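User: I'm new to this one and would like a close look at a single part of it. Could you pick a strand and walk me through what surrounds it?

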Amino acid sequence: MTFSVRKVAAVAALSAALAGCGGGTGSSGTGAPGTGAPSAGRAAAAAPSAAAPAQPSPGRPSAGASGAPRPAGSHPAQAPAAPAPGKAPTLAPGPGGLTPVFARAVNTADKVVALTFDADMTADQGPRARGGERFDNPPLIAALRRLKVPSTVFMTGRWAEEYPDQARSIGTDPLFEIANHSYSHYAFKEPCYGLPALDTAAARADVDRAFEAFRRAGARNTVPYFRFPGGCYDDDALRALSVAGVTAVQWDVVSGDAFAKDPVAVAEQVVDGVRPGSVVVMHCTRSAAPVTEAAIRRIVPELRARGYRFVKVSDLVGR
C-alpha cells in the first residue's frame, strides 16, 4: 500500500485537543475541546478519599544513577535499571531523585516502534458516560488483536472503573500492557489545556489510585510507566511523581487522531513520522477519536511493509 502526499498539519493540531491528552511535550497549553472538565484550578479533592486509600505503585527504579530527565522527544542519559525477572525495565532517577522521562529509544537502529493508546476519562465525566458517550473503543482493541500488534495502553483509573470488563480483558491479554495515565486525568502542571490541576499531595495519590483501580478490575499486566495528562509536566511534577517509582513516558510521534475524520491522513502522519525506536501516541476513546481503528488498519501493514516490527514500551525502555 502506498500513501498519497497530504498536508496534515491541521490534524497534528487536533491531537492536542483530546481531553488535553497527546498534545503536550512537557509544555502547557490552554483550551481542550471536549474535555468536559471544569476550568483549571487546584483540585486536591481528586485525591483518594478515606474509602479509597492510596496503594503502593507496582515498581520503583533503582537508585544511584545520575542524568537529568529531558523533555519529550529526547532520551534521558540514564541507564535502565535492571528489572527483576518478569518485570518491566525502568530508568534510573535523575539528580535529586527526579522521575526519569522516556520518549524514544534513540540508541537503537532496529526498526521497532511502540504504538501507545491513551484510554482517557476524567474523574467528572461519569454523567456523560451514563448519557451514552463512549470513552472506550472495543473495535480498536479487536483490530490490534486481529493484526497481532503488541501495544501499551495508558489507562486512567476512572476509565478502568467505567469499563472494568474491558480493563480486565486488556490487562490479562499478553499482547498488551497497561500503564498509568493517572486516575482523574487532571493536570500535574498548570496551565494544561484547561484541565483542573492537582496539588503535589493529590498528584501522587492520583497515581496510586489509578494502579489500585487496575488491580480491582483484575488487570494483571501493569507496568511502572506513567504518562502525564496532556503531556504537561515540569520539574515540580517530576519531583511529585518521584516517590511513585515510575518512568514517565512521552512520545516522539503525534498521530493526530484526536477528533480527526480522515483515517488516511492520520495513517500518513504516523507512517511519515516513525523512526527506529519511536513511540506513537494515539487514543482509545471512540467518541473523541473515532477514526483510530480505521487508521490502524492502514498503519500496521504499511509499517510492516517498510520492515518495522511492533513492540510494547517495555521492550523499548531497556534499549
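Analyst: Here is a walk around one strand, S5, and then a few places beyond it. Keep in mind that this is a predicted model.

Let's start with the strand itself. S5 covers residues 151-155, and it is mostly covered, with 5 of its 5 residues buried. Its side chains go two ways: Ser151, Val153 and Met155 point to one side, while Thr152 and Phe154 point to the other. Whichever way they point, these residues are buried.

Now for the strands next door. S5 pairs with strand S4 (residues 112-119) in the parallel sense, over 4 bridges. It also pairs with S6, again in the parallel sense, over 5 bridges. Met155 is a handy place to see both pairings. In S4, Ala119 stands opposite Met155, and in S6 the bridge partner of Met155 is Asn180.

Met155 has plenty of other company. Leaving out residues up to four places away in sequence, it touches Ala119, Asn180 and several others, including Ala160, Ala167, Ile170, Ile178, His181 and Phe214. Met155 also belongs to the largest nonpolar core, a group of 63 residues. Along with Trp159, Phe188, Phe228 and Ile296, it touches the most other members of that core. The element that gives the most to this core is helix H6 (residues 200-217), with 8 residues. In general, nonpolar side chains in soluble globular proteins tend to be buried together.

What about Phe154, which points the other way from Met155? Phe154 is part of a second, separate core of 18 residues, which also includes Val223, Val281 and Val317.

Just before S6 (176-180) there is a loop that links it to helix H5 (164-171), and Asp173 is found there. Asp173 is buried, because its relative accessible area is 16% and the cut-off is under 20%. Setting aside neighbours within four places in sequence, Asp173 is in contact with Arg145 and Asn221.

One last stop is helix H8 (residues 263-273). Since 9 of its 11 residues are buried, H8 is largely enclosed by the rest of the structure. The buried ones run from Pro263 through Val271, and among them are Glu268 and Gln269. At the start of H8, a side-chain oxygen of Asp262 reaches to within 3.0 Å of the backbone nitrogen of Val264.

Technical notes:
Residues are numbered from 1 along each chain as its sequence is written. This is a predicted model: local features need pLDDT of at least 70, side-chain atom pairs count only at pLDDT 80 or more; totals for chains, interfaces and linings use all residues. Side-chain values use heavy atoms; hydrogens and water are left out. Buried means under 20% relative accessible area, exposed over 50%, partly exposed in between (1.4 Å probe, protein chains only). Contact means heavy atoms within 4.5 Å. A nonpolar core is a set of buried Ala, Val, Leu, Ile, Met, Phe, Trp, Tyr and Cys residues joined through side-chain atoms within 4.5 Å. A polar contact is a pair of N or O atoms within 3.5 Å; within protein, one must be able to donate a hydrogen and the other to accept it, and residues adjacent in sequence count only if both atoms are side-chain atoms. Two strands pair if DSSP finds at least two bridges between them.
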